[in-house]
Amino acid sequence: MSKKIKDENGNVYVQKKPFYKRVWFWILAIIVVIGVGGAIGGGTDDNGGTKVSSSKTSSKKATPKYYKLGDTVKVGDVTYTLKSVETTQERNEFEDEKPANVIKVVYHVKNNSDDDLPVGADLDAYDADNNKMKTYPVDGVTMDAVAAGKEMDVTEGFGLKKLGKVELQFAPLVSIKKAAKFQIDVK
C-alpha cells in the first residue's frame, strides 16, 4: 500500500513499499524455489525403492532396470524380498474367471514404520503385454496386516493368459513412494 507524505512546502509525494515487502515478490520467489527444487529432486528414471545389500559395494554401480528374485528392496519404511514366483495347477472352483495360467508369488515384508501395515494389496502384477493382471484366489493368499517393527511372508496369486516376462511392483497400500519393480520370466 502507498503512503502519502507532505513536505514542508505542501507538496504531496507517494512513498511506495520496497519491492521485497510486496506480496507479488514473495509469491514469485516461492514459485521459483518450488520449480528449482522440483528440477533438482525429480526427473529420475529409476525403478523405485532402494536396494538393500549386505555386501559393501561401490555406489558408482548403476542400479538395475528391474530387481530380480531374491533381491531385498526398501520402499519408504517397508522392506520387500521377493522369495518365489511359480506357476500352479491350483484352480478355484468358485472363481468365475478361468485363466490359462496361475502364478503364486511369495514375498517377505518387514514393517519398519510406527504403524500397522496392510499386506496383500501392496503388490501389482503386469504381464508381458503390460496388462495389469487380476488377483486369483489360491491357497495361502494373505490379506492381513503386519504390526509395527514386525515381519511376515505374504502369498498372492495372479491369473494370466500366457507365460513370459512378468513385472511385479511392490509399494505400501497408502504410499507416495515409487514402487519397487521386479521382473521375472515365468515359464
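The protein chain exposes about 12800 Å², and carbon and sulfur atoms supply 53% of this area. The model is a predicted one, and of the 187 residues of the protein chain, 30% count as buried. One helix and 13 strands are assigned to the protein chain; from the N terminus on, the elements run β-β-α-β-β-β-β-β-β-β-β-β-β-β. When contacts in the protein chain between residues at least 6 apart in sequence are considered, 58% of them join residues at least 24 apart.

Part of the exposed surface is nonpolar, in the form of a patch of about 770 Å² made by Phe19, Tyr20, Trp24, Leu28, Val32, Val36 and Ile40. Of these residues, Ile40 lies in helix H1, which comprises residues 23-41. Ile40 has a relative accessible area of 69% and is therefore classed as exposed, the cut-off for that class being over 50%.

Three strands form an open sheet in the order E8-E12-E13, with antiparallel pairing. Strand E8 (123-126) and strand E13 (180-186) stand at the edges and have a single partner strand each, so that one side of each is left without a neighbour in the sheet. Neighbouring strands of this sheet are turned by 25° against each other on average, direction ignored. Strands of a sheet pair through backbone hydrogen bonds, in either a parallel or an antiparallel sense. In the case of E8 and strand E12 (residues 164-170), the antiparallel pairing extends over four bridges, and Tyr126 stands opposite Glu167 in E12.

A residue of strand E6, Ile103, illustrates the buried part of the model. The relative accessible area of Ile103 is 0%, and this residue is therefore buried, since the class requires a value under 20%. With residues up to four places away in sequence not counted, Ile103 touches Val85, Glu86, Thr87, Met133, Glu156, Gly157, Phe158, Leu160, Val166 and Val186. The C-alpha atoms of Ile103 and Thr135 are separated by 9.6 Å, although the two residues are 32 residues apart along the chain.

Side chains of opposite charge can pair when their charged atoms come close, and a search of the whole structure finds eight salt bridges. In one of these, the side chains of Glu90 and Lys104 meet with an N to O distance of 3.8 Å. This pair links distant parts of the chain, 14 residues apart, with Glu90 in the loop between strand E5 (78-88) and strand E6 (101-111) and Lys104 in strand E6. Glu90 counts as partly exposed, at 22% relative accessibility.

Another salt bridge joins the side chains of Lys162 and Asp129 at 3.6 Å, N to O. Here too the pair links distant parts of the chain, since Lys162 is in the loop between strand E11 (151-160) and E12, whereas Asp129 is in the loop between E8 and strand E9 (134-135), 33 residues apart. Both partners are partly exposed, Lys162 with a relative accessible area of 47% and Asp129 with one of 45%. Salt bridges that share partners also join Lys51, Lys68 and Asp71 into one network. Within this network, the side chains of Asp71 and Lys68 meet at 3.7 Å, N to O, and Asp71 counts as buried at 8% relative accessibility.

Methods. Residues are numbered from 1 along each chain as its sequence is written. This is a predicted model: local features need pLDDT of at least 70, side-chain atom pairs count only at pLDDT 80 or more; totals for chains, interfaces and linings use all residues. Side-chain values use heavy atoms; hydrogens and water are left out. Patches are made of residues with over 30% relative accessible area and no salt bridge: like charges are joined within 9 Å, nonpolar side chains (Val, Leu, Ile, Met, Phe, Trp, Tyr) within 5 Å. Accessible areas come from the Shrake-Rupley method with a 1.4 Å probe; for residues, only the protein chains shown count as cover. A salt bridge is a side-chain nitrogen of Lys or Arg within 4 Å of a carboxyl oxygen of Asp or Glu. Helices (H or I, at least four residues) and strands (E, at least two) are DSSP runs, numbered from the N terminus. Buried means under 20% relative accessible area, exposed over 50%, partly exposed in between (1.4 Å probe, protein chains only). Two strands pair if DSSP finds at least two bridges between them. Axes are lines fitted to C-alpha atoms, for helices over the stretch in contact, and angles run from 0 to 180 degrees between N-to-C directions. Contact means heavy atoms within 4.5 Å.
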